[in-house]
Each structure stands twice: as structure tokens, then as C-alpha cells.
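User: I am new to this structure and would love a close look at one part of it, the stretch towards the start of the chain. Could you walk me through that part and what it packs against?

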Amino acid sequence: MIRIGMSTTCAYPLPTEQSFRLAKLAGYDGIEIMVTRDEVTQDAAALRALSEKYRMPILSIHAPVLLLTHFVWGRDPRVKLERSAELARAVGASTVVVHPPFRWQAEYALDFLAIVREISAQTRIEIAVENMFPWKFGGRSVKAYSPGWDPTLMDCDAVTLDFSHCALSGHDSLAMASTLGARLRHVHLCDGSGSMDEGKVFDEHLLPGRGSEPVAEVLGMLAQGRWDGRIVAEVNTRKCRTEEERLALLVETLAFARLHTRQARPRRFPRSRRALEALLPGRHH
């Protein structure tokens, strides 16, 4: 069976522990940790404790690559990647997700692919480069990433496919998955409704099936090919006003993944708070 996890970004801006709790309640197989300014996401001991508390294995670590995490673990992007791989090894995760370098990280960008391969070999952690998208300002394209935003054109051993990024870039995700072949090792499960050329501005991270990407077809292809990578939900739930609303979206996302990877459908979740708490091991407040 393909393991299906949930990224901590699905619960943003809630604390890290709430991500573990929601992933457990929704029925996911594990969790991906996005390293942020939240110190818990940087602390192997704290993460192991949460993993044990909620009986939720950590499948992957997302390196701190966002503009908002510029100062996490210093300014050197190589050090950030090294520490991400060390964290993955310490918590039992098999994969680190990393974005291509920004163009202004010139020295790192020049050696990026060699650095990825070197750190992966040293730590025995799979480092999967994520597809991104072109940037536009004032209607003009700007080269934000180097060597580029499209990992199908890079000499890297492992790739993360993000459906929302595919949509924004106007790149067909089914074609990308087919082109990558065995290099596709990790999937960020979400959706998008259009590209920058069609007037879209934001990276949407819609629930799968609510956008225009062939998400079901890609998942079906992976299941048919007995793919052994990981699928991790990375959907936007920030507009939810209650825990029940957020949980319903996470359960819908998981049900979509189970259905299209030909796995048994998950149980329905109870909607009362008392019943939700009863699903967790021990008492959590």
C-alpha cells in the first residue's frame, strides 16, 4: 500500500502538535514536517515525542526554503539542507523535500545538484527536489529559480511533484509524472485551478478534485505501477473557522487519495468534540 501522509502546512497557522492531532483524527498514515520558525519543527526530540504520543510516524521533512524561513538555521542554504537531512535521520523519516535555489543564491545554485547528491549519499536520506513555477511581475516573467523551476530538466535522482505548482506553471502534472518515471519519489497532494498565463496569481493548494489538474489520473497511474514513494497532503485549510471544518477537509483529501490509489476507503469520522477526543490515545487538551 502507498502510505499517505499529511503535511504540517495543512494545519497552518496552528501549533505543530495540532498537526499531529489532526492527522491522527483524520486517519493519515504519517506526517511531513515543514521546518519553520516554530522551534518544535527543528527539534528531533520534540518531534519524536509527538510522534510517539500520537502514534504518527514522521514520513518526511520539508527543508526551510520559504522566504519566511530565511533565518532558520542561519543563512547558508547548504547548512539548512544538511540539517534537514540530519533531522530526517534522527526522527526516522526517509525523505527530505527541497525547493530549487532562488536565483540570487548564486553560489549555492551553481553547485545545487551536486550538493543534493552529496548530502543524500552521506546521510542515506532521499532528497526530492520539488517542482515550482515561474514568477511574474507586472506581466513580465522573472527567473526566480536557478537552475530553474522544472526538475524534469535537472540531473537529480529524486523529485517531488506538487499539483498546485503544476497548475500555476501551466505544466501538465500527468505529463510531468510520466516524464519523471522512476525519479518521481514524493507527491504533494493538492490541486490548482489555472496558470499565471490564465490570470492566476496565488499558489492555491486546493483539495484534490476541486481544481483542474489530473490528480486522480496520476494517482491511478502510480497505483497501477506499484509505486513505492509517499503521497503527502498539502492543502490549504486556513479559511476554516472550526476544528470540525478543517478536519472534514483533511478527511475528504485522504478519501480522495485512498479511492484513486485503490485502497480501502477510510472510516467516517464522528463530528462531536467528545467523540473526536475519544479517537486519540490517552487524554489531550
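Analyst: Helices here are DSSP runs of H or I with at least four residues, strands are DSSP runs of E with at least two, and each kind is numbered from the N terminus. This is a predicted model, in which local features need pLDDT of at least 70 and side-chain atom pairs count only at pLDDT 80 or more, while totals for chains, interfaces and linings use all residues. Residues are numbered from 1 along each chain as its sequence is written, and side-chain values use heavy atoms, with hydrogens and water left out.

First, the setting. The chain has nine helices and 10 strands. Of its 285 residues, 52% count as buried (under 20% relative accessible area; exposed is over 50% and partly exposed in between, with a 1.4 Å probe and protein chains only). Among contacts (heavy atoms within 4.5 Å) with a separation of 6 or more, 75% join residues 24 or more positions apart.

Our walk begins in strand S1, residues 3-7, where isoleucine 4 sits. With 0% relative accessibility, isoleucine 4 is buried. Setting aside neighbours within four places in sequence, isoleucine 4 touches Tyr28, Asp29, Gly30, Ile231, Leu254, Ala257, Arg258, Thr261 and Gln263. One of these partners, arginine 258, is 254 residues away in sequence, yet the two C-alpha atoms are 8.2 Å apart.

Next comes the loop between S1 and H1, which holds proline 13. The peptide bond leading from tyrosine 12 into proline 13 is cis, and its omega is near 10 degrees. As background, most peptide bonds are trans, and most residues other than glycine have a negative phi. A second cis bond joins serine 146 to proline 147, again with omega near 10 degrees; proline 147 belongs to the loop between strand S7 (140-142) and strand S8 (159-162).

Now for helix H1 itself. Eight of its 11 residues are buried, so H1 is largely enclosed by the rest of the structure. The buried ones are Thr16, Ser19, Phe20, Arg21, Leu22, Ala23, Leu25 and Ala26. Just past the end of H1, glycine 27 has a positive phi of about 100 degrees.

What does H1 pack against? Let us start with helix H8. Two packed helices are described by the angle between their axes and the distance between those axes. Axes are lines fitted to C-alpha atoms, for helices over the stretch in contact, and angles run from 0 to 180 degrees between N-to-C directions. H1 (residues 16-26) and H8 (residues 243-260) have axes 9 Å apart, at an angle of about 55 degrees. H1 and H8 are therefore oblique to each other: angles under 35 degrees count as roughly parallel, over 145 as roughly antiparallel, 65 to 115 as roughly perpendicular, and the rest as oblique. The H1 and H8 crossing is right-handed, meaning that the near helix is turned clockwise from the far one by less than a right angle (anticlockwise would be left-handed). On the H1 side the contact uses Gln18, Arg21, Leu22, Leu25 and Ala26, and H8 supplies Glu243, Arg246, Leu247, Leu250, Val251 and Leu254. Sorted by class, this contact of H1 with H8 has seven nonpolar, one polar and three charged residues. Here Ala, Val, Leu, Ile, Met, Phe, Trp, Tyr, Cys and Pro count as nonpolar, Asp, Glu, Lys and Arg as charged, and the others, Gly among them, as polar.

H1 also packs on helix H2 (residues 44-54), at an angle of about 25 degrees and with the axes 10 Å apart. That makes H1 roughly parallel to H2. The crossing of H1 with H2 is right-handed. From H1, Thr16, Glu17, Phe20, Arg21 and Lys24 meet Leu47, Leu50, Ser51, Lys53 and Tyr54 of H2. The contact of H1 with H2 holds four nonpolar, two polar and four charged residues.

Putting the threads together, Arg21 is listed among the buried residues of H1, takes part in the contact with H8 and is also found in the contact with H2. Leu254 of H8 likewise appears twice, touching H1 and isoleucine 4 of S1.
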